[in-house]
Amino acid sequence: LKNKQKIVAQILDVNKPNPDDGIDVMHKVGGFELAAITGLIIGAAANKITVFLDGLNATASALIAAKICPVTKYYFFASHIGAEPAHIHAVKHLALRPFMKMDFRLGEGLGSSLACDILSMFIKGYNNLLEEYKAISPCDDNIENPDESSDEDSSKNILNEIKEIEE
């Protein structure tokens with residue numbers, strides 16, 4: 001561990017990435033995998049798709065995505081906390097509350113798969129309760145009419161931020 005910390009410190013000292021500039025961080029200390037995951041995260045958020053972060057690489061990419069396009073962080077879910085100390089710090093930095101604590105190292109997507117299943121079961125249970133409520137309470141017809149303007153506004157904000165980056 002001390003050797004890894006020494007190498008990382010050396011890389012940061014030589015390359016001097018600006019921590020407030022996600023593209024600079026990616027350029028100077030990122031790699032192709034992190035760049036691809038970061039792009040996927042930004043693209044998902046631009047299309048209003050939730051992203052389950054599974055492990056350190058995905059969470060590191062989310063940190064970069066949030067620097068490049070801050071509204072992306074509203075689409076993140078942390079599936080779990082892994083065994084790497086850096087993962088714990090990254091999840092805390094994003095102010096996320098993981099579904100589970102699992103001491104995985106290279107779990108190959110297991111945490112996010114479990115979190116998706118848990119969320120899916122929760123949604124099914126909620127929908128079942130909603131149907132039962134509707135059956136016994138005929139006077140409330142507005143349960144399924146959420147305010148759609150906020151979704152449209154957040155999508156426009158993401159697309160505008162992406163356009164600004166491209167310019």
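Let me begin with Lys16, which counts as exposed because its relative accessibility is 55%, a value over the 50% cut-off. The model before you is predicted, and every value I quote is computed from it.

Lys16 takes part in a salt bridge, its side chain meeting that of Asp13 at 3.7 Å, N to O. How many salt bridges does a search of the whole structure find? The search returns three, and I shall take the other two in turn.

One of them joins the side chains of Lys67 and Asp20, with an N to O distance of 3.6 Å. This pair links distant parts of the chain: Lys67 belongs to helix H4, Asp20 to the loop between H1 and H2, and their positions lie 47 residues apart in numbering. Asp20 is exposed, since its relative accessible area is 59%. Lys67, at 38% relative accessibility, counts as partly exposed.

The remaining bridge is formed by the side chains of Asp24 and Lys28, at 3.2 Å, N to O. Both residues sit in helix H2, and because they are four residues apart, about one helical turn separates them. Is Asp24 buried or exposed? Asp24 counts as buried, because its relative accessibility is 15% and the cut-off for burial is under 20%. Its partner Lys28, by contrast, is partly exposed, with a relative accessible area of 31%.

I turn now to the largest pocket. Its volume is about 1,600 Å³, and 40 residues line it. Which residues lie nearest the centre of this pocket? They are Leu34, Leu56, Asn57, Ala60 and Ala86. Five helices each supply at least two residues of the lining: H1 (2-15), H2 (22-29), H3 (32-46), H4 (55-68) and H5 (85-93). Helix H4 provides the largest share, eight residues. Sorted by class, the lining comprises 21 nonpolar, twelve polar and seven charged residues.

Next, the backbone. Most residues other than glycine have a negative phi. Two residues here deserve mention in that respect. Lys48, although not a glycine, has a positive phi of about 60°. Lys48 is placed in the loop between H3 and strand S1, which spans 51-53. With 39% relative accessibility, Lys48 counts as partly exposed. The second residue is Ala95, whose phi is likewise positive and near 60°. Where is Ala95 found? The residue is in the loop between H5 and strand S4 (100-101). Ala95 counts as exposed, because its relative accessibility is 64%.

Finally, the surface. Phe77, Phe99, Leu110, Leu114, Ile118 and Met121 make a nonpolar surface patch of about 500 Å². Which helix gives the most to this patch? Helix H6, residues 110-136, does so, with four residues. Leu114 lies in H6, and this leucine is partly exposed, at a relative accessible area of 32%. Leu114 can therefore belong to the patch, as its 32% satisfies the requirement of over 30% relative accessible area.

To close, I return to three points. The search finds three salt bridges, one of which, Lys67 with Asp20, links distant parts of the chain. The largest pocket has a lining of 40 residues, with its largest share from H4. The nonpolar patch, about 500 Å², receives the most from H6.

Conventions:
Residues are numbered from 1 along each chain as its sequence is written. This is a predicted model: local features need pLDDT of at least 70, side-chain atom pairs count only at pLDDT 80 or more; totals for chains, interfaces and linings use all residues. Side-chain values use heavy atoms; hydrogens and water are left out. On a 1 Å grid over the protein atoms alone, a cavity is a set of points where a 1.4 Å probe fits but cannot get out, and a pocket is an open set with protein on both sides within 12 Å along at least five of seven lines; lining residues have an atom within 4 Å of a point. Grid points are joined across faces, edges and corners, and a volume is the space filled by probe spheres set on the points. Ala, Val, Leu, Ile, Met, Phe, Trp, Tyr, Cys and Pro count as nonpolar, Asp, Glu, Lys and Arg as charged, and the others, Gly among them, as polar. Buried means under 20% relative accessible area, exposed over 50%, partly exposed in between (1.4 Å probe, protein chains only). A salt bridge is a side-chain nitrogen of Lys or Arg within 4 Å of a carboxyl oxygen of Asp or Glu. Patches are made of residues with over 30% relative accessible area and no salt bridge: like charges are joined within 9 Å, nonpolar side chains (Val, Leu, Ile, Met, Phe, Trp, Tyr) within 5 Å. Accessible areas come from the Shrake-Rupley method with a 1.4 Å probe; for residues, only the protein chains shown count as cover.
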